[in-house]
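Please find below a short note on the charged side chains of this model. It is meant to be read with the coordinates open.

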Amino acid sequence: PFVSTPSKKNRGDMLLESYCSLKRPRIPAIVIHCIQEVERRGLNDVGIYRVSGSERDVKDLKEKFLKGKGNRDLALIADINVICCTLKEFFRDLKDSLLTSSLFETFSLAAEAEQSEESLALMFEAITELPAANKDTLACLMLHLQKVSSHSAYNKMTASSLAKIFGPTIVGYSTPNPSPATMLQDTKKQPLIVEKLLAIPDGFWQQFLLSDND
């Protein structure tokens, strides 16, 4: 079932779980609806998630969702890039990143492990440490981006390309208030972390999308 995205006065002060239902999978309505619409008609669009949409339209759509008045018929929005940018903006506006700043180093060490098996095992451990809402939403997003990259012959968006775009958006930084030096250092690690997440088999991610009734 879809859950309306609750309103928040100070968007930068709210955590992801504030937008989720109490039942799993805990995924915000704005994430579900944007992903569904992109998969319905945007998978073959060249530069999907790289091309920008109208800032005004993105702001309007995002605010409707944040006020619990999100447009359930996103087919009425002609430019699919507006929907893509709305999804990215939502993640950027959260108080803490999807992967959380407290787990940045854990994910970083997992991504940088030299042996692929060790890297995968450490990545699994890092993911299990995430709060339920973050875990479920990350799984939903990763499955979606894997689907987007599977159409790279048409949309020109490989896993590497998507990792560069979503790195700053969902990985964030190692501290809530990073210095310029920390930002520079962390920015280099962000795409690698997302690329390693995208390399995890879809069967792993599927387990987080089961409802409490399953």
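The points below cover the salt bridges first and then a surface patch.

1. The model is predicted, and the remarks here should be read as remarks on a prediction. Seven salt bridges are found in the structure. Those picked out below lie in helices α1 and α3.

2. In helix α1, which spans residues 29-41, E37 and R40 are three residues apart, or about one helical turn. Their side chains form a salt bridge with an N to O distance of 2.7 Å.

3. E37 also takes part in a salt bridge with R41, where the closest N and O atoms are 2.5 Å apart. R41 sits four residues from E37 in helix α1, again about one turn of the helix. E37 is thus named in both pairs, with R40 and with R41.

4. Is E37 buried or exposed? E37 counts as buried because its relative accessibility is 7%, and the limit for buried is under 20%. Its two partners fall into other classes: R40 is exposed at 52%, the cut-off being over 50%, while R41 is partly exposed at 27%. The acid in these two bridges is therefore buried, whereas R40 is exposed and R41 is partly exposed.

5. Helix α3 covers residues 80-93 and holds both R92 and E89, three residues apart, about one turn of the helix. The side chains of R92 and E89 meet in a salt bridge at 2.8 Å, N to O.

6. Both members of the α3 pair are partly exposed: R92 has a relative accessibility of 44%, and E89 has a relative accessible area of 23%. The value for E89 is 23%, so E89 falls outside the buried class, which requires under 20%.

7. Which residues are linked with E89 and R92 in a network of salt bridges? K62 and D93 are; the network consists of K62, E89, R92 and D93.

8. Apart from the bridges, a patch of negative charge on the surface gathers D45, D57, D60 and D79. A residue enters such a patch only with over 30% relative accessible area and no salt bridge. D57 has 39% relative accessibility and so counts as partly exposed, which is over the 30% required. D57 is found in helix α2, residues 55-66.

Notes:
Residues are numbered from 1 along each chain as its sequence is written. This is a predicted model: local features need pLDDT of at least 70, side-chain atom pairs count only at pLDDT 80 or more; totals for chains, interfaces and linings use all residues. Side-chain values use heavy atoms; hydrogens and water are left out. Patches are made of residues with over 30% relative accessible area and no salt bridge: like charges are joined within 9 Å, nonpolar side chains (Val, Leu, Ile, Met, Phe, Trp, Tyr) within 5 Å. Accessible areas come from the Shrake-Rupley method with a 1.4 Å probe; for residues, only the protein chains shown count as cover. A salt bridge is a side-chain nitrogen of Lys or Arg within 4 Å of a carboxyl oxygen of Asp or Glu. Lys and Arg count as positive and Asp and Glu as negative; His and the chain ends are not counted. The place of a charge is taken as NZ of Lys, CZ of Arg, CG of Asp or CD of Glu. Helices (H or I, at least four residues) and strands (E, at least two) are DSSP runs, numbered from the N terminus. Buried means under 20% relative accessible area, exposed over 50%, partly exposed in between (1.4 Å probe, protein chains only).
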